[in-house]
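Q: Please take me through the terms used for this model. Set each value against its cut-off, then conclude.

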Amino acid sequence: MNYQDKLNPIVRSLKPSGIRKFFDIVSEMPDALTLGIGEPDFVTPWEIRDAAIKSVQKGYTSYTSNRGLPELRIEIAGFLENRCGLSYHPDSEICVTIGASEAIDLTLRAILSPGDEVVMPDPSYVSYVPNVLLCGGVPVPVKTREEDCFKLTRESLEAAITPRTKLLILPYPNNPTGAIMTKEELLEIVPVIKKHDLIVLSDEIYAELTYGGAHVSIASLPGMRERTVLVSGFSKAFAMTGWRLGYVCAPKELMEPVVKIHQYIIMCAPTVSQYAALAALRTGKSDNYAVVREMRESYDMRRRFLTDAFRKMGLSCFEPLGAFYVFPSVAATNLTGEAFAEKLLKSEKVAVVPGSAFGESGSFHIRTCYACSMAVLAEAATRIERFLRNVKMINDK
């Protein structure tokens, strides 16, 4: 049987993840150092794990409400109100999902019709473009520049919008660049969003990992809550990647189709993970989320170390103020990000991700993740510097 004739042509045309290519190789190199996988190096705090264990011991193993545990939704609502002054009704405006990834997928499916255009900054998270395509939508990447600190500007957004544009994906703090957008910068693009009557999918999974100031959600700005779908989760802030738990918040009219799809494809998020997330919010609240603060402070130290290291090596590197990535330019080596990553892995056994995996604007950059120990970062920096010296010697010849 010719299965290619039977497959969905959109699925068939999707490119494999640019991240996985390198980590399939790394998996066979036990002595390689990896600055690639965007995952906290912390273990989920004990109080959270203990709550999950106790939930199983008590027999809390059946389905929950489609929308998630009522008490968890109440805590999520309180968390968002305290963090950024947003008020969501736990019964009708919050749904607990299998990670932020499901929340993004649900939102796109609920909103997009074939041919609808979706504007997004480039570079951005690898899943946005495939998810839009799978919904029959048309992704419209908007080039962001290092000289603008990879922020979406009013002018670039306006230029990308057509009569078919329905949605803007706003992913700040940004993966892979580590860029953030301040309140003033968000206010600059709000008139464009309103003028063209766009819905915003605000991916705020890295919100708690913002350095030098508090994260601002675009949903908190005047007139924006009604047209914003806020997506977040527990993976990054609470070191809970493997628990696969996220949430989506939106006005009731937007939430109803989201929940409808969720009911049919998932039923509900894993019960044990929901009890773990409940403990994360409840125990964290008692000490003003000290665990999150401690993780952020540790990342901040590593962020400054790696940014300074790249600059001392002679690579152009803007200061990332969010997430846990540094996104240096390697253009000075006369190598693309992909060629740089391949040669670095082969010669020095350090794994980084080519910026092109996240969009064309990242072609001469690499994404490096500092969610690893200082010892690993220091050794990786030593190897990268040695690699750069060798590249320079070759270029000088």
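A: A helix is a DSSP run of H or I with at least four residues, numbered from the N terminus. Arg-302 is found in one such run, helix H11. The model is predicted. The chain holds 13 helices and twelve strands.

Q: What makes Arg-302 count as buried?
A: Buried means under 20% relative accessible area. Arg-302 has 5%, so it counts as buried. Leaving aside residues up to four places away in sequence, Arg-302 touches Asp-41, Phe-42, Tyr-370, Ala-371, Cys-372, Ser-373, Met-374 and Leu-377. Ala-371 is 69 residues from Arg-302 along the chain, and their C-alpha atoms are separated by 8.0 Å.

Q: How do you know that the span of H11 fits its number of residues?
A: H11 covers residues 290–313, 24 in number. The expected span is 1.5 Å times one less than the number of residues. That gives 34 Å, and the first and last C-alpha atoms lie 35 Å apart, close to the expected value. Gly-314 follows H11, with a positive phi near 95°.

Q: How does the span of H3 compare with the value expected at 1.5 Å a residue?
A: H3 runs over residues 46–57, twelve in number. Its ends are 16 Å apart by C-alpha, close to the expected 16 Å. Gly-59, which has a positive phi near 85°, follows H3.

Q: Which residues of H3 are buried, and what does their cover include?
A: Ile-48, Asp-50, Ala-52 and Ser-55 are buried. Helix H10 (271–286) is included in their cover.

Q: Why is Arg-164 called partly exposed?
A: Its relative accessible area is 42%. Partly exposed covers the range between 20% and 50%, so 42% puts Arg-164 in that class. Arg-164 sits in the loop between helix H7 (154–160) and strand S5 (165–170). Not counting residues up to four places away, Arg-164 touches Pro-114, Gly-115, Asp-116 and Glu-117. Glu-117 is 47 residues away along the chain, with 5.5 Å between its C-alpha and that of Arg-164.

Q: Which class does Lys-195 fall into, buried or exposed?
A: Exposed means over 50%. Lys-195 has 59%, so it is exposed. Lys-195 belongs to helix H8 (residues 183–195). From its C-alpha to that of Gly-115, 80 residues apart along the chain, is 21 Å.

Q: What describes the packing of H5 and H9?
A: Two packed helices are described by an angle and a distance between their axes. For H5 (residues 99–111) and H9 (residues 252–265), the axes come within 9 Å and cross at roughly 115°. The crossing is right-handed. On the H5 side the contact uses Glu-102, Leu-106, Thr-107, Arg-109, Ala-110 and Ile-111. On the H9 side it uses Leu-254, Pro-257, Val-258, Ile-261, His-262 and Ile-265. Eight residues of the contact are nonpolar, two polar and two charged.

Q: What makes the backbone at Phe-150 and Ala-239 worth a look?
A: Most residues other than glycine have a negative phi. Phe-150 has a positive one, about 60°. Ala-239 also has a positive phi, near 55°. Phe-150 lies in the loop between strand S4 (138–143) and H7. Ala-239 lies in the loop between strand S7 (228–233) and strand S8 (246–249). With a relative accessible area of 2%, Phe-150 is buried. Ala-239 is buried too, at 6%.

Q: Which peptide bonds to proline are called cis?
A: Most peptide bonds are trans. The bond from Asp-122 to Pro-123 is cis, with omega near 10°. The bond between Tyr-172 and Pro-173 is cis as well, with omega about -5°. Pro-123 is in the loop between strand S3 (117–122) and helix H6 (128–134). Pro-173 is in the loop between S5 and H8.

Q: How do you know that the radius of gyration agrees with a compact globule?
A: For 397 residues the globule rule gives a value near 21 Å, and the chain has 21 Å, so the two agree. The C-alpha trace spans about 65 × 60 × 50 Å along its principal axes. Of the residues, 55% count as buried. Among contacts between residues at least 6 apart in sequence, 76% join residues at least 24 apart.

Methods. Residues numbered from 1 in each chain as written. Predicted model: local features only at pLDDT ≥ 70, side-chain atom pairs only at ≥ 80, totals over all residues. Heavy atoms only, no water. Axes fitted to C-alpha atoms, helices over the stretch in contact; angles between N-to-C directions. Helix = DSSP H or I, 4+ residues; strand = E, 2+ residues; numbered from the N terminus. Left-handed = near helix turned anticlockwise from the far one by under 90°. Contact = heavy atoms within 4.5 Å. Nonpolar A, V, L, I, M, F, W, Y, C, P; charged D, E, K, R; others polar. Rg over C-alpha atoms; globule rule 2.2 N^0.38 Å. Buried < 20%, exposed > 50% of the residue type's maximum accessible area, 1.4 Å probe, protein only.
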